[in-house]
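Please look over the structure below. The paragraphs after it go through a surface patch, two helices and the chain as a whole.

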Amino acid sequence: MGESTNEAALAAVVPHWPAALRTVVAAQGMAVHKAAGELFFSPGDVCQGFVVVLSGSVRVEHVGENGRSVVLYRVGAGETCVMTTACLVEESLYRGWGYAEGEVEALVLAPDTFQALLAEDPSFRAMALGVFTRRLGELVEVIDELLLHRVDLRLAEWLASRAPTAAATHQVVASELGTAREVVSRILKHFERRGWIALRRGSIDILEPEALGRFAASG
């Protein structure tokens, strides 16, 4: 028999996985499609299964009691969600939000299947739990950015990397940087007065990415 559709998709995004592991996940995983912006999970939700992203990206956010949100990390093709894994291992509820960025295709293993593979398959266990090490480093960087770096410098760097246009509202930018929308709006107005950007409804034209880059590096 030929290779299954799920197995072929896994081979494309996780060629480093052992072939036997791809076969097991492909056979027991359920294909899931999410439209752009569709919710994967929200705080208090019960985890529906272990997710392996095949295409697209899932944005994972935390929202504080004051309503301020910050992007913790993104789950791209061939990756798994550490928050989902933690919920399954601890049998706990979600503490954050997960949104599809663009069209997302994924394979989902039911919780009981996940638990069985975790207990019985060393290669699956190494893959599923190995994500914690990588994500921990990313989360430390997020905390470092929030605590130590000026918002205006981080915003300048964020804009410079998205030239010539950033299709995002002020609230989206604030969530990316982990700050308040009002703070972002004030800094953007300042950048606009300096001629570095032009503000439009729902987007930002980056006119002088080099100037923004120099400013970002000045701190």
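In this predicted model, V89, L129 and F132 form a nonpolar patch on the surface. Together the three residues have about 230 Å² of accessible area. L129 belongs to helix α5, which covers residues 122-148. Its relative accessible area is 36%. L129 counts as partly exposed because that value falls between the 20% limit for buried residues and the 50% limit for exposed ones. The value also meets the requirement for patch members, which is over 30%.

Helix α5 also holds L139. With a relative accessible area of 26%, L139 is partly exposed as well. Leaving aside residues up to four places away in sequence, L139 touches L72 and Y73. The neighbouring V71 can be placed by its distance: L139 and V71 are 68 residues apart in sequence, while their C-alpha atoms lie 9.8 Å apart in space.

Another helix, α9, spans residues 209-217. Which residues of α9 are buried? They are A211, L212 and F215. Seen down the axis of α9, these buried residues fall within an arc of 100°, so they line one face of the helix. An α-helix has 3.6 residues a turn, so residues three or four places apart point the same way. On the face of α9 turned away from the buried side are the exposed residues E210, R214 and A217.

What covers the buried residues of α9? The cover includes two helices, α6 (151-160) and α8 (181-193). It also includes two strands, β7 (197-200) and β8 (203-206).

The remaining figures concern the protein chain as a whole. The chain contains nine helices and eight strands, and its C-alpha trace spans about 65 × 40 × 30 Å along the principal axes. Of its 219 residues, 44% are buried, that is, under 20% relative accessible area. Among contacts with a sequence separation of 6 or more, 68% are between residues 24 or more positions apart. The accessible surface of the chain comes to about 11,400 Å², and carbon and sulfur atoms account for 56% of that area.

Methods:
Residues are numbered from 1 along each chain as its sequence is written. This is a predicted model: local features need pLDDT of at least 70, side-chain atom pairs count only at pLDDT 80 or more; totals for chains, interfaces and linings use all residues. Side-chain values use heavy atoms; hydrogens and water are left out. Patches are made of residues with over 30% relative accessible area and no salt bridge: like charges are joined within 9 Å, nonpolar side chains (Val, Leu, Ile, Met, Phe, Trp, Tyr) within 5 Å. Accessible areas come from the Shrake-Rupley method with a 1.4 Å probe; for residues, only the protein chains shown count as cover. A salt bridge is a side-chain nitrogen of Lys or Arg within 4 Å of a carboxyl oxygen of Asp or Glu. Helices (H or I, at least four residues) and strands (E, at least two) are DSSP runs, numbered from the N terminus. Buried means under 20% relative accessible area, exposed over 50%, partly exposed in between (1.4 Å probe, protein chains only). The arc is that of the directions from the helix axis to the C-beta atoms. Contact means heavy atoms within 4.5 Å.
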